Amino acid sequence: MAGEGRQRIDKWLFFSRAVKSRSLAAKLVQTGGVRLNGRKLDQASDIVKTGDVLTIALDRRILVYKVLSAGFRRGPAEEARLLYEDLSPAPTPKDQAPPDARPPLRDAGSGRPTKRERRATDRLRGD
């Protein structure tokens with residue numbers, strides 16, 4: 001089946017190193033974390049073929065891969081990168097907030113008191 005450019009989705013995810021094990025790949029597909037050409041998959045036995053676009057929702061990132069070929073084994077990372085073309089959007093730098101993020105709004109002096117302010121309050125109360 002791999003010679004035809006078709007393969008089970010769980011095997012392909014494992015061979016492309018998107019997940020660490022084939023059982024995790026099957027679980028990811030069954031929980032709805034993988035879309036094939038915009039359609040949500042629910043079975044690990046679904047077939048992926050050359051030219052398909054996969055959207056994979058992992059813990060903190062979303063991967064968009066275009067399938068270039070089927071895998072034969074889980075080899076080194078250089079070999080795994082030959083199975084797909086990465087179409088994922090560039091991640092935002094960690095030190096930079098997203099452009100639509102608003103700073104938190106709080107009036108000056110509101111919120112929890114500092115340790116110094118709490119001790120001053122305790123002295124006024126006589127505690």
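Biologist: Where does Asn37 lie in this structure?

Modeller: In this predicted model, Asn37 belongs to the loop between strand S2 (34–36) and strand S3 (39–40).

Biologist: And what should I read from its backbone angle, phi?

Modeller: Look at the sign, then at the residue type. Asn37 has a phi near 55°, which is positive in a residue other than glycine. Its relative accessible area is 49%, so Asn37 is partly exposed.

Biologist: Which residue that is not a glycine has a positive phi of about 65°?

Modeller: That is Arg17. You will find Arg17 in the loop between helix H1 (9–15) and helix H2 (22–30). Arg17 is partly exposed too, because its relative accessible area is 40% and the partly exposed class runs from 20% to 50%.

Biologist: Let's move to a charged side chain. Is Asp10 buried or exposed?

Modeller: Check the accessibility against the cut-off. Asp10 has 4% relative accessibility, so it counts as buried, since buried means under 20%. Asp10 sits in helix H1.

Biologist: Which residues does Asp10 touch, not counting those up to four places away in sequence?

Modeller: Asp10 touches Arg22, Ala25, Ala26 and Ala44.

Biologist: Now the strands, please. How do I read the side chains along one?

Modeller: Start with the general rule: in a regular strand the side chains alternate between the two faces of the sheet. Strand S5 follows an alternating pattern. Leu54 and Ile56 point to one face and are buried, whereas Val53, Thr55 and Ala57 point to the other and are not buried.

Biologist: Which strands are joined to S5, and by how many bridges?

Modeller: Take them in turn. S2 and S5 run antiparallel and are joined by three bridges; within S5, Ile56 is the bridge partner of Val34. S5 (residues 53–57) is also joined to S6 (residues 62–67), by five bridges, and this pair is antiparallel as well. Ala57 has Ile62 in S6 as its bridge partner. S5 and S6 make a hairpin, with four residues between them.

Biologist: What does S6 pair with in S7?

Modeller: S6 is joined to strand S7 (residues 84–86) by three bridges, again antiparallel. Val67 stands opposite Tyr84 in S7.

Biologist: Last topic: the largest nonpolar core. Which residues touch the most other members?

Modeller: Ile9, Trp12, Leu13, Val34, Leu54 and Ile56 do, out of 20 residues in that core. Two or more residues each come from H1, H2, S2, S5 and S6. H1 gives the most, with four residues.

Biologist: Ile56 keeps coming back. What is Ile56 in contact with, beyond its neighbours within four places in sequence?

Modeller: Ile56 contacts Leu13, Ala18, Leu28, Gly33, Val34, Arg61, Ile62, Leu63 and Tyr65. Put the views together: Ile56 is the bridge partner of Val34, it is buried along with Leu54 on one face of S5, and it is among the core residues that touch the most other members.

Technical notes
Residues numbered from 1 in each chain as written. Predicted model: local features only at pLDDT ≥ 70, side-chain atom pairs only at ≥ 80, totals over all residues. Heavy atoms only, no water. Pairing = 2+ DSSP bridges. Buried < 20%, exposed > 50% of the residue type's maximum accessible area, 1.4 Å probe, protein only. Contact = heavy atoms within 4.5 Å. Core = buried A, V, L, I, M, F, W, Y, C linked by side-chain atoms within 4.5 Å.
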